[in-house]
Amino acid sequence: MSRAEKSGIAKDMQDKMMSKYNPALEAEARRWMQAVTGETITGTLADHLHDGSYLCRLLNCIKPGSIAKINSSKLAFKQMENIDQFLRAAKSYGVPVHDLFQTVDLYEASDGAGNIVQVIDTIHALGRAAQKNGYTKHKLGVKLADSHHRDFSEETLRAGQNVIGLQAGFNKGASQAGMKAPGTSRHM
């Protein structure tokens, strides 16, 4: 199905989204997904991922049993259900919510109306989460940092309130004495 050419603010928004597209990031994500699943991605990434089934299989390879039933139907709502299942499973696996694309971003990407950039970002976020969760067969990106919780005593916290940092304005005795506003003459 082809869509009418976008114009005005819709075109500006689409252009802004596509200006963030990086073919190297797509190629890296494509290589990683193929290595994890053992399946070749044919055609464009948007077309191959369109029905969501490949993403479901990808997550099942990383964490078996994440998605129980993958729909093979060509009906739009079944394909969008696959995408939604992937997103819910990715969230529960540890992909941060702000890194997840929306169903429409992928479903309409093959028509040029979606946001393939956000889909690629989500795949990279899944790669980071996979490393954090112990998946080491294939790596994509850097491992997410682990939190390092610190417990400070009340005494240490009170002592920290008395420290004046450089951002508070103290700069070792320097002052603005002798400075003049631009455009004013020096009075003697």
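1. Ring pairing. Two rings of Phe, Tyr or Trp form a pair if their centres lie within 6.5 Å, and planes under 30 degrees apart make the pair stacked. By that rule, this predicted model holds one aromatic pair. The partners are F86 and F101. Their ring centres are 6.2 Å apart and their planes meet at 20°, so the pair is stacked. F86 sits in helix α5, while F101 sits in the loop between α5 and α6. With these positions 15 residues apart, the pair links distant parts of the chain. F86 and F101 are both buried.

2. Overall architecture. The chain has eight helices and zero strands. Along the sequence the pattern reads α-α-α-α-α-α-α-α. Of its 188 residues, 33% count as buried. Take the contacts with a separation of 6 or more: residues 24 or more positions apart account for 50% of them.

3. The nonpolar core. Which residues touch the most other members of the largest nonpolar core? They are M33 and F86, in a core of 37 residues. F86 thus appears both here and in the stacked pair. Several helices feed this core. At least two residues each come from α2 (23-37), α3 (45-49), α4, α5 (76-93), α6 (103-107) and α7. Helix α7 gives the most, with eight residues.

4. M33 and its contacts. Set aside neighbours within four places in sequence. M33 is then in contact with G38, I41, L45, L49, Y54, L55, L58 and I123. Y54, L55 and L58 are among the buried residues of α4. L55 and L58 also belong to the contact of α4 with α7, as does I123 on the α7 side.

5. Helix α4. Is this helix enclosed or open? Eight of the 10 residues of α4 are buried, so the helix is largely enclosed by the rest of the structure. The buried residues are S53, Y54, L55, C56, L58, L59, N60 and I62. They pack against α2, α3, α5, α6 and α7.

6. The α4–α7 packing. How do the axes of α4 and α7 cross? Helix α4 spans residues 53-62 and helix α7 spans residues 116-132. Their axes come within 11 Å and cross at roughly 10°. Angles under 35 degrees count as roughly parallel, and that makes α4 roughly parallel to α7. From α4, the residues in this contact are L55, L58, L59 and I62. From α7, they are I123, L126 and A130. The tally for this contact is seven nonpolar, no polar and no charged. On spacing within a helix: an α-helix has 3.6 residues a turn, so residues three or four places apart point the same way.

7. N60, a buried residue of α4. N60 lies in helix α4. Its relative accessibility is 18%; buried means under 20%, so N60 counts as buried. Beyond residues up to four places away in sequence, N60 touches G65, S66, I67 and I70. N60 and T37 are 23 residues apart in sequence, and their C-alpha atoms are 8.9 Å apart in space.

8. Q79 in α5. Helix α5 holds Q79. At 6% relative accessibility, Q79 is buried. What does Q79 touch, not counting residues up to four places away in sequence? The contacts are H50, D51, S73, K74 and Y107. Of the helices, α6 (103-107) has Y107 within its range.

9. I120 in α7. I120 lies in helix α7. With a relative accessible area of 3%, I120 is buried. Leaving out residues up to four places away in sequence, I120 touches Y21, L25, E26, A29 and L45. L45 is also one of the contacts of M33. I120 and D99 are 21 residues apart in sequence and 9.8 Å apart in space, C-alpha to C-alpha.

10. Points to look at in the structure. Start with the stacked rings of F86 and F101. Then follow M33 and F86 through the largest nonpolar core. Finish with the α4–α7 contact, where L59 and I62 of α4 are among the participants, together with L126 and A130 of α7.

Methods:
Residues are numbered from 1 along each chain as its sequence is written. This is a predicted model: local features need pLDDT of at least 70, side-chain atom pairs count only at pLDDT 80 or more; totals for chains, interfaces and linings use all residues. Side-chain values use heavy atoms; hydrogens and water are left out. Axes are lines fitted to C-alpha atoms, for helices over the stretch in contact, and angles run from 0 to 180 degrees between N-to-C directions. Helices (H or I, at least four residues) and strands (E, at least two) are DSSP runs, numbered from the N terminus. Angles under 35 degrees count as roughly parallel, over 145 as roughly antiparallel, 65 to 115 as roughly perpendicular and the rest as oblique. Contact means heavy atoms within 4.5 Å. Ala, Val, Leu, Ile, Met, Phe, Trp, Tyr, Cys and Pro count as nonpolar, Asp, Glu, Lys and Arg as charged, and the others, Gly among them, as polar. A nonpolar core is a set of buried Ala, Val, Leu, Ile, Met, Phe, Trp, Tyr and Cys residues joined through side-chain atoms within 4.5 Å. Buried means under 20% relative accessible area, exposed over 50%, partly exposed in between (1.4 Å probe, protein chains only). Rings of Phe, Tyr and Trp (its six-membered ring) pair if their centres lie within 6.5 Å; planes under 30 degrees apart count as stacked, over 60 as edge-to-face and the rest as tilted.
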